[in-house]
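Colleague: I am new to this structure and should like to go through it in order. May I put some questions to you once it is before us?

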Protein chains: 2
Amino acid sequence: MKRHCGIWGHRLRNYGFKCTPGRELILEILETSEEHLSPEEIYSKVKDEHPEIGLTTVYRTMEILNNLGMVIKLDIGDGRARYELSEDHSKKSHHHHLICSTCKKIIDYNDFVEDEKVYLLKIEKALEKRHNFKINNHVIQFYGKCSTCNKNEEKI
Amino acid sequence: MKRHCGIWGHRLRNYGFKCTPGRELILEILETSEEHLSPEEIYSKVKDEHPEIGLTTVYRTMEILNNLGMVIKLDIGDGRARYELSEDHSKKSHHHHLICSTCKKIIDYNDFVEDEKVYLLKIEKALEKRHNFKINNHVIQFYGKCSTCNKNEEKI
DNA sequence: CTACCTGCAAACTCTTTGCAAGCAG
DNA sequence: CTGCTTGCAAAGAGTTTGCAGGTAG
């Protein structure tokens, strides 16, 4: 059966992977949902539309996308992986994360990113040279307590 | 039996925890070993000296130390936790990590840290104000390929 | 047609928990 | 003594894998 592949399917093919309903759906979900989805969360959204697709496919797809650099794998310390479309593939602009250690809420911020970009690029270049390393990604996360958790703690 | 508690034991007591052989040993190991140890690695070193101490104790101790801020819990994407003594409690200076996505090797670097400190402090203050967040830690990691893995890849 | 892809179930790995016994303070 | 700590075994959670059947190209 000939499948009609959308933009995501075509990208996958460019990378030498097949365009399948599951893979396309997962990518669509990543594009239209809020960020930082865990495999289980992606799976639950997948099931709404295509109940026949399994959790295993989500895991396998996410690994492919991560290897291709199409998604970024985050770890916010809640014991499960979380993914978001990489800058190059999403409409969202470059941002970093503010993570509440208590409730695990994630706040995206892109204040200072222009500053950061210049600064990080400088560091990356220097580190690459000094340590003979090919850098292709960075993670910057600030951990702390969000306003809600702060208030709750004061009450105790 | 009266126990003779070392510097680490005293610190634990200051925090309201008991000084036990297991806890002291784990802290000594953290101080004298290379960084970024996983629970299993710590356990293996513990066993060399005190085979009666169990892995569970390592996990429980690391959680305490993490909550107290005495250690930093790292996640380098190899599916297990890794710990290092926090800056305040170790002799090592502030540093960040360069992580090879392929072999998971970690390179500590402290080039630019002075620059970074000033810059990060500025960002932290601004983020705290704007997002009403109490920041108490940050993670900065660069991911890429180390020289060895780069060479290996070229051969393929 | 063929190699890649999939769902299912089982396996695996790391981490956490319940419990009775042990020990620090 | 008393309540925090511990080791063990078992449970839990997230992720990976083997395999037989399915499908994209």
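**Helix 2 of chain B**

Colleague: How far does helix 2 of chain B reach from its first C-alpha to its last?

Modeller: In this predicted model, helix 2 of chain B covers residues 21-32, which makes 12 residues. Helices here are DSSP runs of H or I with at least four residues, strands are runs of E with at least two, and both are numbered from the N terminus. The expected span is 1.5 Å times one less than the number of residues, and for this helix that is 16 Å. The computed reach is close to that value, at 16 Å.

Colleague: On what terms are the model and its numbering to be read, and what pLDDT do local features need?

Modeller: Residues are numbered from 1 along each chain as its sequence is written, while chains are lettered from A and ligands numbered from 1 in the order in which they are written. Side-chain values use heavy atoms, without hydrogens and water; side-chain atom pairs count only at pLDDT 80 or more, totals for chains, interfaces and linings use all residues, and local features of this predicted model need pLDDT of at least 70.

Colleague: Against which elements do the buried residues of helix 2 of chain B pack?

Modeller: Buried means under 20% relative accessible area, exposed over 50%, and partly exposed in between, with a 1.4 Å probe and protein chains only. The buried residues of this helix include B:Gly22, B:Leu25, B:Ile26 and B:Ile29. With contact taken as heavy atoms within 4.5 Å, their partners in chain B are helix 1 (7-14), helix 3 (39-49), helix 4, strand 1 and strand 2.

**The DNA strands**

Colleague: Which elements give two or more residues to the surface near DNA strand D?

Modeller: A residue is near a strand if one of its heavy atoms lies within 4 Å of it. DNA strand D is surrounded by 22 residues, the closest being A:Tyr59, A:Ala81, B:Ile53, B:Thr57 and B:Arg60, and sugar and phosphate supply 65% of its atoms within 4 Å of the protein. Phosphate oxygens of this strand lie 3.3 Å from a polar side-chain atom of A:Arg13 and 3.2 Å from a polar backbone atom of B:Lys18. The elements asked for are helix 4 (55-68) of chain A together with helix 4 (55-68) of chain B.

Colleague: How many charged residues has the surface near DNA strand D?

Modeller: Ala, Val, Leu, Ile, Met, Phe, Trp, Tyr, Cys and Pro count as nonpolar, Asp, Glu, Lys and Arg as charged, and the others, Gly among them, as polar. This surface has seven nonpolar and six polar residues, and its charged residues number nine.

Colleague: How far is a polar side-chain atom of A:Arg23 from a phosphate oxygen of DNA strand C?

Modeller: A:Arg23 is among the closest of the 22 residues around DNA strand C, and 71% of the atoms of that strand within 4 Å of the protein belong to sugar or phosphate. Phosphate oxygens of DNA strand C lie 3.3 Å from a polar side-chain atom of B:Arg13 and 2.9 Å from one of B:Arg80. For A:Arg23 the distance is 2.8 Å.

**The two copies**

Colleague: Which residue of chain B has the C-alpha nearest the axis?

Modeller: Chain B is superposed on chain A by a rotation of 179° with a shift of 0.1 Å along the axis, at an RMSD of 0.1 Å; the fit is by least squares on C-alpha atoms of residues with pLDDT of at least 70 in both. The copies are therefore related as by a two-fold rotation axis. At 2.3 Å from that axis, the nearest C-alpha in chain B belongs to B:Ile140.

**Chain A**

Colleague: With which residue does the side chain of A:Lys145 make a polar contact?

Modeller: A:Lys145 lies in strand 5 (residues 134-145) of chain A, a chain with six helices and five strands. A:Lys145 counts as buried because its relative accessible area is 18%. A polar contact is a pair of N or O atoms within 3.5 Å; within protein, one must be able to donate a hydrogen and the other to accept it, and residues adjacent in sequence count only if both atoms are side-chain atoms. At 3.4 Å, the partner side chain is that of A:Thr102.

Colleague: What share of the residues in chain A is buried?

Modeller: The C-alpha trace of chain A spans about 60 × 50 × 25 Å along its principal axes. Of its 156 residues, the buried share is 46%.
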